[in-house]
Number of protein chains: 2
Amino acid sequence: MSTEEKIFEAAFKVFQSKGFTGARMQEIADEAGINKAMLHYFFRSKEKLFEAVFLNAFGKLAPQVNEIFNSEDPLFEKIEKFVHSYISFVMDYPFLPQFIIQEMNNNPEFVAKFLKDEKRPNPSKLLKQIETEIGLGIIKPISPKQLLLDIFAMTAFPFAAQNLVKGIINISNDEFFQLMEERKIHISEQIINAIKK
Amino acid sequence: MSTEEKIFEAAFKVFQSKGFTGARMQEIADEAGINKAMLHYFFRSKEKLFEAVFLNAFGKLAPQVNEIFNSEDPLFEKIEKFVHSYISFVMDYPFLPQFIIQEMNNNPEFVAKFLKDEKRPNPSKLLKQIETEIGLGIIKPISPKQLLLDIFAMTAFPFAAQNLVKGIINISNDEFFQLMEERKIHISEQIINAIKK
DNA sequence: ATTAAGTTTAACCATTTGGTTAACAAAGAT
DNA sequence: ATCTTTGTTAACCAAATGGTTAAACTTAAT
């Protein structure tokens, strides 16, 4: 693995657990097992390094989401596929949702930058589809945006609020992952039950 | 307003928008319009000041939640009351959910500390009630923990991921608040529809 | 009026932090 | 072989940051 890759992975790890302001360049260097000057040699500044890591993290998630949202599948199938693929993916990067949410809130300038990316999650087609299926009488009348929020919330929240959740319902890390595994079916059932006619 | 209160409110504001590591003692002092030394005079250290603010923030939310969760109301009514009261409350402190989640994740030592508090959110009675109502045939068989997660997720997520949500579904701050107002009824309907027999 | 306690300020301090530099090593190109 | 580019290191630097101090001011009790 090249030095640049080592730095990138170390930065990903450290930024994810400490956030941008909490992360230390020295810690990233140590984690990568290289000299701190190399961080600047390859990435110029903390901001640039962070940007690279963040956009990459987001870029991993968004295309998957878009592919599902923009397919020709019927709504119920899309919901099932989305929940499944999102949870499977995030179980490999359990702190990604919290990382993205946190930095989107802390660096509002960032929102604008990534929204220009073609890889941004774009739910417009899905929103129209919901309206169509309501019109066709397949699902109950419902606000498309609320439904979209429901789907995101049910899938992403447990990961984003991971430590809080573990603390409040008092479960171990293993139990948490098991619960998330079960959740793949649970969410689809729950949402589809709620909206099907 | 006393100097100590000024500091506390300023700290609340700054910690909430910048997080613990991002917050600067000088910025808090400026925000409060007082000398930085006063922060240490009244609160000893950044950690102590943060702790005071965080536990207070949490202490505002938890008792409300517990009162509803531990009442004698039937499940459907509890869900309605919780969603209503949580969203109403949080609309006054829109960054509270993100703040709590973020700091619970970034300072894991903190989790232990606040879980000892009697004011901690305690869902055990609600979890039992869900099982009981399943036994009584009022609602469909379902994992109580998953249902609890659903309720939290649907209510808290949009606030926690506020900037991301606004960006993705492309709405203004006003539209966001309107959506949250509508959400008070939407969530209860959605969940009750999903679980009622 | 004096004292004592609490409150407030400006200046200061040690450490941390992101970032730079200059020398050095490795590797390819000529 | 030598030159040039790229990669790497240790030492260094200026700014920022959390925290301290000693003196000054305010208030209320004696």
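A polar contact is a pair of N or O atoms within 3.5 Å. In this predicted model, one such pair links protein and DNA directly at a base. An N or O atom in the side chain of B:K36 lies 2.6 Å from a base nitrogen of DNA strand D. That distance falls within 3.5 Å, so the pair counts as a polar contact.

Phosphate oxygens of DNA strand D are also approached. A polar side-chain atom of A:T3 is 2.9 Å from one phosphate oxygen. For B:K46, a backbone N or O atom lies 2.7 Å from a phosphate oxygen of the strand. Two or more residues of the surface near DNA strand D come from each of these elements: helix 3 (36-43) of chain A, helix 3 (36-43) of chain B and helix 4 (46-69) of chain B.

In total, 14 residues surround DNA strand D. The closest are A:T3, A:Y41, B:R24, B:K36 and B:K46. Of the strand atoms that come within 4 Å of the protein, 60% belong to sugar and phosphate. The surface near the strand is mixed in character. Six of its residues are nonpolar, four are polar and four are charged.

A further site centres on A:Q102. This residue belongs to helix 6 of chain A, which spans residues 96-106. A:Q102 is buried because its relative accessible area is 5%, under the 20% cut-off. Its side chain makes a polar contact of 2.8 Å with the side chain of A:Q98. Beyond its neighbours within four places in sequence, A:Q102 contacts A:K18 and A:G19 in chain A. It also contacts B:Q98, B:Q102 and B:N106 in chain B.

Technical notes:
Residues are numbered from 1 along each chain as its sequence is written. Chains are lettered from A and ligands numbered from 1 in the order in which they are written. This is a predicted model: local features need pLDDT of at least 70, side-chain atom pairs count only at pLDDT 80 or more; totals for chains, interfaces and linings use all residues. Side-chain values use heavy atoms; hydrogens and water are left out. Helices (H or I, at least four residues) and strands (E, at least two) are DSSP runs, numbered from the N terminus. Buried means under 20% relative accessible area, exposed over 50%, partly exposed in between (1.4 Å probe, protein chains only). A polar contact is a pair of N or O atoms within 3.5 Å; within protein, one must be able to donate a hydrogen and the other to accept it, and residues adjacent in sequence count only if both atoms are side-chain atoms. Contact means heavy atoms within 4.5 Å. A residue is near a molecule or strand if one of its heavy atoms lies within 4 Å of it. Ala, Val, Leu, Ile, Met, Phe, Trp, Tyr, Cys and Pro count as nonpolar, Asp, Glu, Lys and Arg as charged, and the others, Gly among them, as polar.
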